[in-house]
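Please walk through this assembly with me, from the contacts between chains to the contacts with DNA.

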Protein chains: 4
Amino acid sequence: MEQKPIPMTGAEKRRTARISQILDAAAHCFVEMGFHRAGMAKIAARAKMSPGHIYHYFESKEAIIAAIVDRESARAAERFAEFDAVDSTELASVMTERAVQSIAEKTDILQSVLNMEMLAECQRNPEIACIIHKHDRYVRDQLTHLIRDKLGLDLAEARTDMMMVQFSGLANRLLRNPDLDLQNMVVLMRQTMMSILSPTIGHEAK
Amino acid sequence: MEQKPIPMTGAEKRRTARISQILDAAAHCFVEMGFHRAGMAKIAARAKMSPGHIYHYFESKEAIIAAIVDRESARAAERFAEFDAVDSTELASVMTERAVQSIAEKTDILQSVLNMEMLAECQRNPEIACIIHKHDRYVRDQLTHLIRDKLGLDLAEARTDMMMVQFSGLANRLLRNPDLDLQNMVVLMRQTMMSILSPTIGHEAK
Amino acid sequence: MEQKPIPMTGAEKRRTARISQILDAAAHCFVEMGFHRAGMAKIAARAKMSPGHIYHYFESKEAIIAAIVDRESARAAERFAEFDAVDSTELASVMTERAVQSIAEKTDILQSVLNMEMLAECQRNPEIACIIHKHDRYVRDQLTHLIRDKLGLDLAEARTDMMMVQFSGLANRLLRNPDLDLQNMVVLMRQTMMSILSPTIGHEAK
Amino acid sequence: MEQKPIPMTGAEKRRTARISQILDAAAHCFVEMGFHRAGMAKIAARAKMSPGHIYHYFESKEAIIAAIVDRESARAAERFAEFDAVDSTELASVMTERAVQSIAEKTDILQSVLNMEMLAECQRNPEIACIIHKHDRYVRDQLTHLIRDKLGLDLAEARTDMMMVQFSGLANRLLRNPDLDLQNMVVLMRQTMMSILSPTIGHEAK
DNA sequence: CATGAATGAGCTTTCATTCAT
DNA sequence: GATGAATGAAAGCTCATTCAT
């Protein structure tokens, strides 16, 4: 998951650029029409390429979908990496800000749509499932490490998952309630994040 | 949203049964293949009907999708109605149980897939958006009423949305992490629910 | 082609009325959409009848088309019958007036559309051809009789056909040139009609 | 309406040839079955092409119909161009010969069927109407110019339309009366043409 | 007599993919 | 590498006709 800067030849660079072009076009089309309504012709047109040529880089449309799922998951995972550097007392706040911030922009609603497509596909296509689970495990491992080793908390895996419930739950909520009052949500979200990271769990409660 | 038992004629009963047949078949196919990959032919075959005959009951495939979205949203809303009868001191616990319980069954993962499809479509199709937002508003109104009038809490709308973040977030989480440890999650979830319903918010925190 | 007033029973009257209802609806739909795009369902709806019930009166859609062709041709033939009573010196004028008058109304443009459909179908369907030729022969016989016996002219068949060229040609012209100046056309048409009915033909000319 | 011989690339030639192939096939099928009964599958088969590929050249079946209407109308217009070179004293004779000649062949009956389809469609589809009216205006302009400037006659527009009444009227007549005696018709037609082009109109008459 | 549910073939159109150039 | 012509199966949908009620 880490980028080792192996130098590329010109041809390789060109190839990578081409692939990015295709994936960008595909992502756009998938958001706009869904995986299965977006035609190769439209993707090709957006990528400024002939439909036939796409098959020099991808074996099939399924392969493009898989590549998109991989790229988007990797990008999401990357965004979690920055929490590593955060001071432990501020983690809840930083995460809250991040969660709220990330849905405050229009771009992220589109991102959410792509995520919905990915998760739906994930239940049907084992290859997609594998990619998604892989990235999720990576993110969880990072976060769990943070929570267990840096914050010294128990139930680290469960707390991790619960943190992540907040992220995806918030994105989901915005889709269903477009009038969501983020102003007030942020207060509740911060309290919730802190509650999840509270050392005393299952002790005082009940 | 209430069921008034108006007696039906034989023809009406038959019609309603046929429509149910179609919607059941469609829901199944949509889960299995997605809205846009599920062909009318397959839906028809599952509904034990000729493809042409479906058009006696639905104007188009889009109309079937809309009907499915409406039906599923209504069913989800119904499930929230039972919280009305819950004693206020137990609300957090009941909701937690409900949230965890509802994702513990295989049926609900399929339900989640349908939800993903619906939310993706919601960003593309204004008619679908309208249906989803309508049902979400209804559920929120119920829950807000509960929180404000029965529990006497402020920030009722925000707390409502935050509660619902937990439900959809949890369902989402299970799709990404199929090994989710529900056992431990339930503890955290109950604490989170209680935290959201805690009278002191934004006061002690910070 | 003549109406002998045989008294009808109530049931027969009802039947005739039903058939008229269907033919009126069909004619309307055929004008609006063409023979092969007008669906039985639409015809049935316009005739305020169930689709199935139409088959009590007509064996097939083809039979309805044939009946329409028959009825419309018969009506057109009827309109020619009134020329019988016209004074021979006025025939050209009366026919001119009739020809121009008949296309001056909107109704007759629709009539023309139906005629176009009929003539196109006539080249494909022998049964339709038979009906059209039968009525045309009837009209020609009448007109030829008039020209030969009342006006005492030679070449009666050819003159008849030439007269009829004017009728259909004028209707055709209006479809292609909707700005047709009828005011001036009427002068030319009268002269043409008179020329066709002129006793000296092939004699002075050339 | 004039042909400028711009040289074509190989690809352009191929494209033009393909389009001709489709239009020829379509014209054949339209004559045989009518616009709306001729299926794309049959047109494709006749054009020796897959059904799907037709959509590389035409947006829809409607577009093919429009192209056919345009091509046939243009061809018909072209045929009128030759009258320009005719000596004014012979115009009536030449036109008569042309009118009679053009319907004497089987090809032109088929042409007539296509014309019927076109005129029927013209009343339903504004785009088709526009194409037909455009070509008709072009032909009329040519003929009016001839009659007014070369023959020096008044009422040029009306005479033009009246000439054209003869052409379409004759074609129409042959469809209704397949036993039409062309031998005798030609005499009457020549006299009629001359009558229409006679300098004294509305003067002696009446 | 009258309905409208039901069928299944056929309609126009789209689409992933291949391949000659 | 790059094109876009070409395919053929499948998509959503329509329609003439039948038949149980």
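A polar contact is a pair of N or O atoms within 3.5 Å; within protein, one must be able to donate a hydrogen and the other to accept it, and residues adjacent in sequence count only if both atoms are side-chain atoms. This is a predicted model, in which local features need pLDDT of at least 70 and side-chain atom pairs count only at pLDDT 80 or more, while totals for chains, interfaces and linings use all residues. Residues are numbered from 1 along each chain as its sequence is written, chains are lettered from A and ligands numbered from 1 in the order in which they are written, and side-chain values use heavy atoms, with hydrogens and water left out.

Start with chains B and A. Across their interface, 22 residue pairs are in polar contact, both residues at pLDDT 80 or more. Five helices of chain B each supply at least two residues to the side that touches chain A: H1 (10-33), H6 (106-122), H7 (126-150), H8 (156-176) and H9 (182-196). Helices here are DSSP runs of H or I, at least four residues, numbered from the N terminus. H8(B) gives the most, with 14 residues. By class, this side of chain B has 26 nonpolar, 17 polar and 12 charged residues. Ala, Val, Leu, Ile, Met, Phe, Trp, Tyr, Cys and Pro count as nonpolar, Asp, Glu, Lys and Arg as charged, and the others, Gly among them, as polar.

The interface also holds 8 salt bridges, each a side-chain nitrogen of Lys or Arg within 4 Å of a carboxyl oxygen of Asp or Glu. One of them joins Arg37(A) to Glu62(B), at 3.7 Å from N to O.

Now turn to chains C and D. A turn of 180 degrees and a shift of 0.0 Å along the axis lay chain D on chain C with an RMSD of 0.2 Å. The fit is by least squares on the C-alpha atoms of residues with pLDDT of at least 70 in both. The two copies are thus related as by a two-fold rotation axis. In chain D, the C-alpha of Gly169(D) is nearest the axis, 1.7 Å away.

Finally, the DNA. Around strand F lie 31 residues, the closest being Arg14(A), Met40(B), Lys61(B), Met40(C) and His53(D). Near means a heavy atom within 4 Å. Which part of the strand does the protein meet? Sugar and phosphate account for 66% of the strand F atoms that come within 4 Å of the protein. Polar side-chain atoms of Tyr57(A) and Lys61(C) lie 2.8 Å and 2.7 Å from phosphate oxygens of strand F.
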